[in-house]
Amino acid sequence: MHIAFIGVGNMGGGMALNLVKAGHDVRAFDLSADALARVTAGGATAAASAGEAADGADVIVTMLPAGTHVRAAYEATLFAAARADAVLIDCSTIDVETARSLGEAAAARGLAMVDAPVSGGTAAADAGTLTFMVGGPAAAFAAAQPILVNMGKAVIHAGGAGMGQAAKICNNMILGATMIATAEAFVLAEKLGLEAQTFFDISSKASGQSWSMTSYCPVPGPVPTSPANRDYAGGFAAALMLKDLKLAAQAAATAGASTPMGGQAESLYQLLVNNGFGSDDFSGIIRMLRG
Ligand code: NAD
């Protein structure tokens, strides 16, 4: 298939290359020449504009920083440039309202569009093992799914337009809050004289267990692959966790939902980022909690 890929940065670059590897003809556009160079070296073609990339494409994928970029790209260019039977897939993490309104605008034009944010960082983007949470009409999901499987290990239909984003921010609100709770508990255990490994052995088999503990433990040792073992470098940046918590707060305000734990997590991640640790893995919040 001829696939237009708009936004080939840290995530989009690896994703576009996996589409090339799957045999697709990928035409990429990015404002950054460096980002474009990475994908052209891997076999994609560079386009001079988003419109040129989208012209005649079977599929249009966007992987952009935030809702403002996504709205501008679709409203200014992509809706008009898309073929009537093209499939539009936005993989960026953006606010639910923008995703919902773009999905509705696409439907009004007779275009198939899904919001398909991802779980998994750059390593999963490169390896093609992302999880896609997809919102949009059933027919649009069916059309997008064979493309998404080239970039991920799981593709799940979450409901209508915007529900992919809803699933993503609700999931990450749990993740932010459980990481803080887990980190707090390890710090308290430490101060009480309880060995981290012993506490892990007990709590990971008891009711304190969560993904934040058993897959991503915030202290070095118990889970060898967790970023704690490499001084919290790489992984899922605290600044991106903060972005997702802000999206959750915005959605909660719109929906009239009370999310006090999510709000507290947002506030603590804001403090961590303000202290200059935004590019560290989000589990590094344990250092701030330790004092
Ligand atoms: P990034 O900044 O590395 O990539 C975004 C790219 O978009 C950049 O190369 C930028 O030049 C390009 N861009 C911006 N505006 C553009 C425009 N108008 N036209 C063309 N290109 C444009 O960011 P990323 O880490 O790849 O993240 C992309 C999205 O994925 C974000 O919404 C982010 O929240 C989400 N996400 C990131 C991760 C992660 O671990 N990095 C994980 C899950 C989800």
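This passage describes the ligand site in a predicted model.

The shell around the ligand consists of 22 residues, and the closest of these are Asn10, Met11, Asp30, Leu64 and Lys243. By class, 10 residues of the shell are nonpolar, nine are polar and three are charged. Both domains contribute to the site: at least three shell residues come from domain 1 (2-160), and at least three come from domain 2 (166-289).

Polar contacts to the ligand were examined at the backbone. For Asn10, a backbone N or O atom lies 2.9 Å from a ligand oxygen atom. The corresponding distance for Met11, again from a backbone N or O atom to an oxygen atom of the ligand, is 2.8 Å. At Pro65, a polar backbone atom is 3.0 Å from an oxygen atom of the ligand. On its own, the ligand has 840 Å² of accessible area, of which the protein covers 82%.

In terms of the protein surface, the ligand takes up the space of the largest pocket. Two or more residues of the shell are supplied by helix H1 (10-21) and likewise by helix H11 (238-255). Asn10 and Met11, which are among the closest residues to the ligand, fall within the bounds of helix H1 (10-21).

Technical notes:
Residues are numbered from 1 along each chain as its sequence is written. This is a predicted model: local features need pLDDT of at least 70, side-chain atom pairs count only at pLDDT 80 or more; totals for chains, interfaces and linings use all residues. Side-chain values use heavy atoms; hydrogens and water are left out. A residue is near a molecule or strand if one of its heavy atoms lies within 4 Å of it. A polar contact is a pair of N or O atoms within 3.5 Å; within protein, one must be able to donate a hydrogen and the other to accept it, and residues adjacent in sequence count only if both atoms are side-chain atoms. Accessible areas come from the Shrake-Rupley method with a 1.4 Å probe; for residues, only the protein chains shown count as cover. On a 1 Å grid over the protein atoms alone, a cavity is a set of points where a 1.4 Å probe fits but cannot get out, and a pocket is an open set with protein on both sides within 12 Å along at least five of seven lines; lining residues have an atom within 4 Å of a point. A molecule sits in a cavity or pocket if more than half of its atoms lie within 2 Å of its grid points. Helices (H or I, at least four residues) and strands (E, at least two) are DSSP runs, numbered from the N terminus. Ala, Val, Leu, Ile, Met, Phe, Trp, Tyr, Cys and Pro count as nonpolar, Asp, Glu, Lys and Arg as charged, and the others, Gly among them, as polar. Domain bounds come from an automatic or database domain assignment.
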